[in-house]
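Opening the notebook on a new model today. I want to start from one residue and work outwards from there.

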Amino acid sequence: MFCLDLREDRTMQEASSMYKRLPSRDRDGRTMLDVENNNSAHLQNDMEQGATRPPWTYSFPHVLVATISSFLFGYHLGVINEPLETISLDLGFSGNTLAEGLVVSTCLGGAFVGSLLSGWIADEIGRRRALQVSALPMIVGASLSATTVSLEGMLLGRLLVGTGIGLGPPVAALYVTEVSPSFVRGTYGSLIQIATCLGIMGSLFVGIPTKGIVGWWRMCFWFSLIPAVALAFAMEFCAESPHWLYKLGKSVEAEAEFEKLLGPSHVKPAISELSKSDRGDELETVKFSELFYGRHFKVVFIGSSLFALQQLSGINAVFYFSSTVFRSTGIPSNLGNTLVGVANLSGSIIAMILMDKLGRKVLLMWSFSGMAVAMILQATTGSFLGSGSGASYLSFGGMLLFVLTFAAGAGPVPGLLLSEIFPSRIRAKAMAFCMSVHWWVALCKSKVIPLLKLGPQLLYLTFSTFCLMAIVFVKRNVVETKGKSLQEIEITLLPQE
C-alpha cells in the first residue's frame, strides 16, 4: 500500500509538470482544459490498474522474432573464422594476409555503413519494415559468398552482409525497447545478447566439418539464409512500434498495436504515458546535427562513450589470442571454443535474470570490474605460459572469466540502456550514430592492434585500464532506468527548453 501511494504521488507530480509544459492547444486542436480532463481520466484509469501488469505473453512473440536479427549478427561475425583457411585455398589467396584481413574487415566496414543508415530507415519506414529490409542484404550477400569463385565476389558478399548486420541490431534494440512492458524490458533486452551468443555458437558448430568435407564452407553461408528469410517473413505478422506510430500522429494505429502487445485493458494507460513526452511540437524531422549540441548532447555523449568503452575493453583481443592460450594448455580448439561459447551464453542468461532485479548500472559496474580483474589475471599469468606451471590454466580461466563477465553486463546493457535513455524524437538516429561509433572503433582496433605488436601482456594491461575507466564513467554518468517507463526516463534526463 505504501509503494502504491508513492507511485500515485509521483504520477500526479509528473502530470502536473506535463500540464505546465503543454502548449495552449495540442495537435488535435483541443484546449488546455480538455487535455487536463482527458489526462486526469487516463491517470485515474492507470492508478486503478497499478496493481496489475500487462501479460508478458502478448509481447514476447514479437520480441522473439526481432531477436533473429541478433542471431544473424552473431552468426555472420563467427561464420568466417573456421572456414577462412579453406576459403583462401579455394579462392586462390592462401598466404595473402592482406586479403584474409579484408575478408574479415570488409564485413565491419559494411556494418558501419548499415548502422549509419539504420536511424533514417527506421524513422522513414518504421521499425518493423526496417528489420525486414535488414534481412535483404544478408540474403543477397550470403548467397553471393556461397557461390563466388573469386576474392572480389567474397568481398562484395561480405560487404552486403555487413550492411545487413549493421542495420539490424540497432533497429532490433529500438523495437524491443518500444514494444516491451517496462517490468520486463531488461529481460527482453538480454534476449538480444543471448541470440547473438547462439548465433556465434551456431556458426562454430556449422563450421566444424569444414576441413573434412570439400566445399563445406559454402554450406556455412547457405545455412544463414534460413533465419534471414524467417526474419523477413515473420516480421510481416508482428506489431509495429506504437511509439513510432504515435510520434507520426497516428494515435488510432498506435492504440491498435498496444492492444496486440499489452492487451485491451492496458491500452489507455499506455497512450496516457506516451502523451507525457511525445508532443505535437516535436513532429518535425530531427537532423543529425541536433545530436551534437544543446539539450541532446549529454545523452548522445553517454551513449557513444559506452559503446566505445565496450569495444576498448578488449573483447575482440581475447578471441584474437585465444588460440595461443588453447595451445599452451593443450586444449583442442573445438573444445576451447565450446567452453568460451558456454561462458558467453551463461553470462547472457545471468544478465537476463538480473537485469530487471539489480538494474542496468549495477550490472555495468560489476561487469567492467570483473573484466578488469580477468585482464590483469591474463597479463600476470601470460608471462609464465611457457614455464610448464599451472599459469596457462589460470590464463584460460581468466579468458573464461572475462567472457562471462562481459556477457553479464558490458555486452547486453549498452544497447538496451541507450534505447531507453534517448528521447523518442531522436531515438532512432541517436542509436544509429552510437552504433556507428561501435563499428568504427571495432574496425580501427582490428587494424591498429596488429600494427602495434604490443604482445598479449601489455595489451591485456591496456584493456584493463580501459575497463577501470569504464567503471568511473558509468558511476558518474549513467542513470538507473530499471522499472521506469520510457516517458519517465525522458522527463528525468532531458532538460526542458
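Which residues does Asn-344 touch, not counting those up to four places away in sequence? I looked this up and got Gln-193, Cys-197, Ile-200, Val-403 and Ala-407. A caution to self: this is a predicted model.

**Entry 1, around Asn-344.** I placed Asn-344 in helix H18, which runs over residues 333-358. Is Asn-344 buried or exposed? Its relative accessibility came out at 10%, and the cut-off for buried is under 20%, so I count Asn-344 as buried.

**Entry 2, helix H20.** Next I took H20, residues 391-410, and checked its length. With 20 residues at 1.5 Å a residue, I should get a span of 28 Å. The end C-alpha atoms sit 27 Å apart, so the two values agree. I also looked at cover: 14 of the 20 residues in H20 are buried, so I noted the helix as mostly covered.

**Entry 3, nonpolar cores.** How many residues are in the largest nonpolar core? I got 104, and Tyr-175, Leu-306, Phe-368 and Phe-422 have the most contacts inside it. Helix H8 (residues 151-179) gives the most to this core, namely ten residues. Apart from that core I found another one, of 17 residues, including Tyr-75, Leu-91, Val-103 and Val-206. A reminder from the textbook: in soluble globular proteins, nonpolar side chains tend to be buried together.

**Entry 4, Phe-422 and cysteines.** I went back to Phe-422 and listed its contacts, leaving aside neighbours within four places in sequence. They are Val-299, Val-300, Gly-303, Arg-427, Ala-430, Met-431 and Cys-434. The last of these, Cys-434, has a relative accessible area of 0%, so I put it down as buried. Cys-444 has 30%, which falls between the 20% and 50% cut-offs, so I logged it as partly exposed. How many disulfides does a search of the whole structure find? I got zero.

**Entry 5, whole chain.** Finally I pulled the totals. The secondary structure comes to 24 helices and zero strands. The chain has 497 residues, and 55% of them are buried. I then took the contacts with a separation of 6 or more, and residues 24 or more positions apart account for 83% of them. The accessible surface is about 20700 Å², and 67% of that belongs to carbon and sulfur atoms.

Methods:
Residues numbered from 1 in each chain as written. Predicted model: local features only at pLDDT ≥ 70, side-chain atom pairs only at ≥ 80, totals over all residues. Heavy atoms only, no water. Helix = DSSP H or I, 4+ residues; strand = E, 2+ residues; numbered from the N terminus. Buried < 20%, exposed > 50% of the residue type's maximum accessible area, 1.4 Å probe, protein only. Contact = heavy atoms within 4.5 Å. Areas by Shrake-Rupley, 256 points an atom, 1.4 Å probe, with all protein chains shown as cover. Disulfide = S-S within 2.5 Å. Expected span 1.5 Å × (residues − 1). Core = buried A, V, L, I, M, F, W, Y, C linked by side-chain atoms within 4.5 Å.
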